[in-house]
Amino acid sequence: MGIIKADDVTFEYIRRDEEGNVEGITTAVDHVSLDIKKGQFIAILGHNGSGKSTLAKHMNAILYPTEGTLWVDGMDTKEEEHVWEIRQRAGMVFQNPDNQIIGQVVEEDVGFGPENMGIPSKEIWERVEESLRAVGMYEFRKHSPNKLSGGQKQRVSIAGVLAMHPQCIVLDEPTAMLDPNGRKEVIRAIRGLNDVEGITVILITHYMEEIIYADKVFVMDKGAIAMEGTPREIFSQVEKLKELRLDVPQVTMLAYELKKKGMNLPDGILTTKELIDALRI
Amino acid sequence: MIILGFDHRSNAGKGKQVAIILDHISYIYEKDTPMEHRALDDVCLTIPDGQFIGIIGHTGSGKSTLVQHLNGLMEASEGHVYYNGEDIYDKDYDMKKLRSNVGLVFQYPEHQLFEIDVFTDVCFGPKNLGLDKKEVELRAYQALKQVGLPDEYFYQSPFELSGGQKRRVAIAGVMAMKPKVLILDEPTAGLDPKGREEILDMIKRLQKETGLTVILVSHSMDDVAEYVDRIIVMNKGRVMYDDTPKEVFKNYKELEEVGLSAPQVTYIMHALKEKGLNVNTTATTIEEAAEEIWKKLG
Amino acid sequence: MLRDITLGQYYQTESVIHKLDPRVKLGGTLLYIISLFIFENIWGYLLAGLFLAIVIKLSKVPFRFMVRGMKAIVFLLLITVVFNLFLTPGEVLISFWKLKITKEGLRIAIFMAIRLSMLIIGSSVMTLTTTPNNLTDGMEKMLSPLKVFKVPVHEVAMMMSIALRFIPILLEETDKIMKAQIARGADFESGNLLKRAKALVPLLVPLFISAFRRANDLAMAMEARCYRGGEGRTKMKPLVYKKEDRLAYLVIAGYLVIKIVIGIIL
């Protein structure tokens, strides 16, 4: 069993109108099964409303499946006594950088998780320092979060999770509210965690450029997994991605257009270099 | 009014009536303190009627400060703003009228929705203009049609709509004031790829149908390249480039240095050229690039 | 700009007073205020003034910052003085029309003005030299015995520190929504009171919605980081009394003793 394993996970909630009468049932996650190995870099793609964020919240025991089971490091998220253990093993970073920073000083925010876990003060300081260094925010440790850029705030949030020494980090659209520079900073930090620290990363996003380096990609639609494979396998299906309200990187799209015109090119080109090599010039 | 010494940097807008002129505008935060900081530094721009303009810059480049000067929400520390030849800083200038002529849609505009249903919310703008009820409702209806919101949502609470729909309602709220100039600050922020495309297509259609001047503020070149006639690149409070997309993207290396990037196709075309393939590097869209490569290799 | 408003008017500098444990400053301020209200005589006030002056000097905060806090209560101060001046019965000094100023009234008015001014300046010294965060920490620790009586001390302290973090964000948001509504022709400035109150609806509704959304997000983020109340929680920066803090307590006690002695003897 991998670090995160979902077996036929379904999440339904009841919609009510203003008077509280039942209007209907929405299935936000629809029979999803997946198995994520330790140390992998996983990307979950999907348009807004595809159920990807709801699925992510299951990995941190914020939500429990209405049907099926989800295990984090072998622990069933439905079992109450494991909740805190699970939240420590699988940390979570959310979309809005302003709404997840609790401390008024960067270092105090990073220390929040370890404080909750009851770690002794001296060790908290060590963890805070090493986490801030890992995301390149150490020099900002005395700053107020309100004065940081969006990308910097998200890196502080990542450090805050890192200080809890998780085995796996789930990032729920961490770059959706950032500008291109901020996005690059955050993605670089995330890749560093995976490459250097060997932490399992589950990145939820709708930016296609961010998933090129993933080991495996899941594409979600209507709560279910619509596609799964390596980035190359996914990007070779341009038409299908368009149907799922998603995009492909411009270079992939260009190769696809050239191929349509009759040029002999392989499917799923991901970088400029690959395109030039394939054009053989 | 004749403005002497005005610097005409842009060629893109020649031959059209000039709607907005920014004449040596500077905006200074915390003047005369050690924290003094120029958010805008000697900006000169002309914005003619009917143009589709993209303003690009990274966070802190001054682009949001700039657009808030266009409808008088912020007042320049130095310089003048003219709308249809009149100085908007004149004492008896009607600011309310200016704000109805120059509509500004802020970032995440759905956060300002407040009424019980979509239709009433869109009525807020025209009602503030003091129009009679019939005219207000007509305008609200037209605006909601223009942004492509289906009728069945008109009497729903705005908070029950999806992100993309809410954004359309918010844009309609400004359109209902019948502005001559529509400014949108990051209208696609937080939307998924398809949602982004839908909103931009809608804006383009609106611009074509109504002859509106549209100013799109963005930090993404990819978003605007396909849509606009003219790009203004802001950096450190100054206008760095002001030209057609093709001309601006020729400076892709300089753009890179200030933390912006040209569309990915620009890089591909330059890389191909370096490898000895004699392609025209000015392609800015995928279609143009594919056409160009096909011509040379196909 | 709104985001530059600092709450609790903390003045950043390095000084002995800044470095003191917040509990010392909280307790000290409380004792000082009490000392102002026991015994009424000139020498006592001179002592209190001297003590305050020394603390201000040590704190390295410019005096004008202390006086700033006074501005807010000038009105209150005037009313107190006027009431005491005219309404205290006793030996009449000056009288015109129906108003009389008595000797006793003059005395009480002067003392009241001195007391209140020193009270405000004294508390300003505390807020100017202690970060809001430190203050909440200090309060939590000082009030922790109340936990026995089921007072949610930790929760209240946590709420205060979260409020302190979000007030600047919400202020900025208010500014943004206000601008957005002005761009839609809203008018927040003209009209009578009723009209103005009505004009606030387009500002307040989005602001409340945003505040609730943020609260919801934050609660989730806190739970995701294993927050489950004060139980079993450790502190990154625990409050520990140092030598200087014990000394400060001694100084305050010394001041109190002298104040009482002066009060009894004179």
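This is a short talk on two interfaces of chain A, with a look at one of its strands.

The model is predicted, so to speak of local features we need pLDDT of at least 70, side-chain atom pairs count only at pLDDT 80 or more, and totals for chains, interfaces and linings use all residues. Residues are numbered from 1 along each chain as its sequence is written, chains are lettered from A and ligands numbered from 1 in the order in which they are written, and side-chain values use heavy atoms, with hydrogens and water left out.

I start with chain B. Contact, meaning heavy atoms within 4.5 Å, involves 29 residues from chain A and 31 residues from chain B. The buried area is about 2,800 Å², with 62% of it on carbon and sulfur atoms; that is the accessible area (1.4 Å probe) that two parts lose on being put together, summed over both. There are three salt bridges between chain A and chain B, a salt bridge being a side-chain nitrogen of Lys or Arg within 4 Å of a carboxyl oxygen of Asp or Glu. A:Lys261 makes a salt bridge with B:Glu291, with 3.1 Å between the closest N and O atoms. On the chain A side, α7 (180-196), α10 (250-261) and α11 (272-279) each give two or more residues; helices here are DSSP runs of H or I, at least four residues, and strands are runs of E, at least two, numbered from the N terminus. The largest share, seven residues, belongs to α10(A).

Now chain C. Here 38 residues of chain A are in contact with 30 residues of chain C. Together they bury about 3,200 Å², 51% of it on carbon and sulfur atoms. Which three residues supply 22% of the area that chain A buries against chain C? They are A:Trp84, A:Asn99 and A:Gln104, and no other three residues supply more. Chain A and chain C have five salt bridges. In one between C:Arg233 and A:Glu115, the N to O distance is 2.8 Å. The elements of chain A with two or more residues on this side are α2 (83-89), α3 (106-110), α4 (112-117) and α5 (121-134). Of these, α4(A) gives the largest share, six residues.

Last, a strand. In β6 (residues 90-93) of chain A, A:Ala90 and A:Met92 on one side and A:Gly91 and A:Val93 on the other are all buried, that is, under 20% relative accessible area with a 1.4 Å probe, protein chains only. β6(A) pairs in the parallel sense with β7 (residues 168-172) of chain A over four bridges, where pairing needs at least two bridges found by DSSP. A:Ala90 has A:Cys168 as its bridge partner in β7(A).

Terms used:
Buried < 20%, exposed > 50% of the residue type's maximum accessible area, 1.4 Å probe, protein only.
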